[in-house]
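I opened this entry to look up one loop, the helix before it and the aromatic pairs. My notes follow in the order I checked things.

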Amino acid sequence: MLRDVALLVSRYRFGTHSNVEIDPDDTPSLPLRDQRLFLHQLLVSDSPDKGLELLKTGGFIQAHWPELLSMQSVSHTKDHHPEGDVWEHVLAAFNYRKRNDPLLSFAILLHDLGKPVAGGTREKPYHNHSLHGAVLAEKFLRRLEFPAAFIDDVVFLVRHHMMPEALPRMPLYRIERLLTSPLFPTLLELYRACLLYTSDAADEEDSV
């Protein structure tokens, strides 16, 4: 089945979506409990980007997690994200995790979910996307009936994922609660994974 192949390529780096035959009809509807378990297993694998791309190509994501596909509709500005659209950015960021932690992995998957609905200007094209993303991430995880405490933690990370960039410019009284949060180390890891990929992509482009 498509799900089994997606887990294989995610866990063992066994091939890629480009050399796997996909049956378009191999997307039977899954109960929510099975969706939760499957998504968790996928995201804590070594290479969830491969599995997610395979599931998108095979129609599974469209059938079960259509919220994620909205990220394909947004092309990143070249100055900040040379890698392409938001979906490609999210997949690539998984390769920069230091650990396959569930909370960090779900936050990476959902951190830019607000960009397709964010308004803005040419200078700030994704203004308040983290706030929009927090709302959409909560809806997505609640629809799949994840535990409330886990949802709260993921939403916190999505909502604040841009904050590390602004910390040096903010007064302590505004960031004290953030700095003392037990989630702060994971927040830094989320920011690091996204930033390192962006930096590497820009370096590669500059070298061409």
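I started just after H7, where Glu145 takes a positive phi of about 60 degrees. The model is predicted. I noted the sign because most residues other than glycine have a negative phi. Glu145 sits in the loop between helix H7 (129–143) and helix H8 (148–160).

I then checked the length of H7. At 1.5 Å a residue, its 15 residues should span 21 Å, and the end C-alpha atoms are 21 Å apart, which agrees.

Which residues of H7 are buried? I listed His129, Ser130, Gly133, Ala134, Ala137, Phe140 and Leu141. They cover an arc of only 135 degrees around the axis, so they lie on the same side of H7. I looked for what covers them and found that the cover includes helix H2 (32–43), helix H6 (102–110) and H8.

Next I went through the aromatic pairs, of which the structure holds six. One of them, Phe60 with Trp65, is edge-to-face, at 5.1 Å centre to centre and 80 degrees between the planes. Phe106 and Phe146 have ring centres 5.2 Å apart and planes at 70 degrees, so I entered this pair as edge-to-face too. The pair links distant parts of the chain, with Phe106 in helix H6 and Phe146 in the loop between H7 and H8, 40 residues apart.

Are these rings buried or exposed? Phe60 is buried at 1% relative accessible area, and Trp65 is buried at 0%. Phe106 is buried at 0%, and Phe146 counts as buried at 11%.

Last, I recorded that ring pairs link Phe38, Phe60 and Trp65 into a cluster.

Technical notes. Residues are numbered from 1 along each chain as its sequence is written. This is a predicted model: local features need pLDDT of at least 70, side-chain atom pairs count only at pLDDT 80 or more; totals for chains, interfaces and linings use all residues. Side-chain values use heavy atoms; hydrogens and water are left out. Helices (H or I, at least four residues) and strands (E, at least two) are DSSP runs, numbered from the N terminus. The expected span of a helix is 1.5 Å times one less than its number of residues. Buried means under 20% relative accessible area, exposed over 50%, partly exposed in between (1.4 Å probe, protein chains only). The arc is that of the directions from the helix axis to the C-beta atoms. Contact means heavy atoms within 4.5 Å. Rings of Phe, Tyr and Trp (its six-membered ring) pair if their centres lie within 6.5 Å; planes under 30 degrees apart count as stacked, over 60 as edge-to-face and the rest as tilted.
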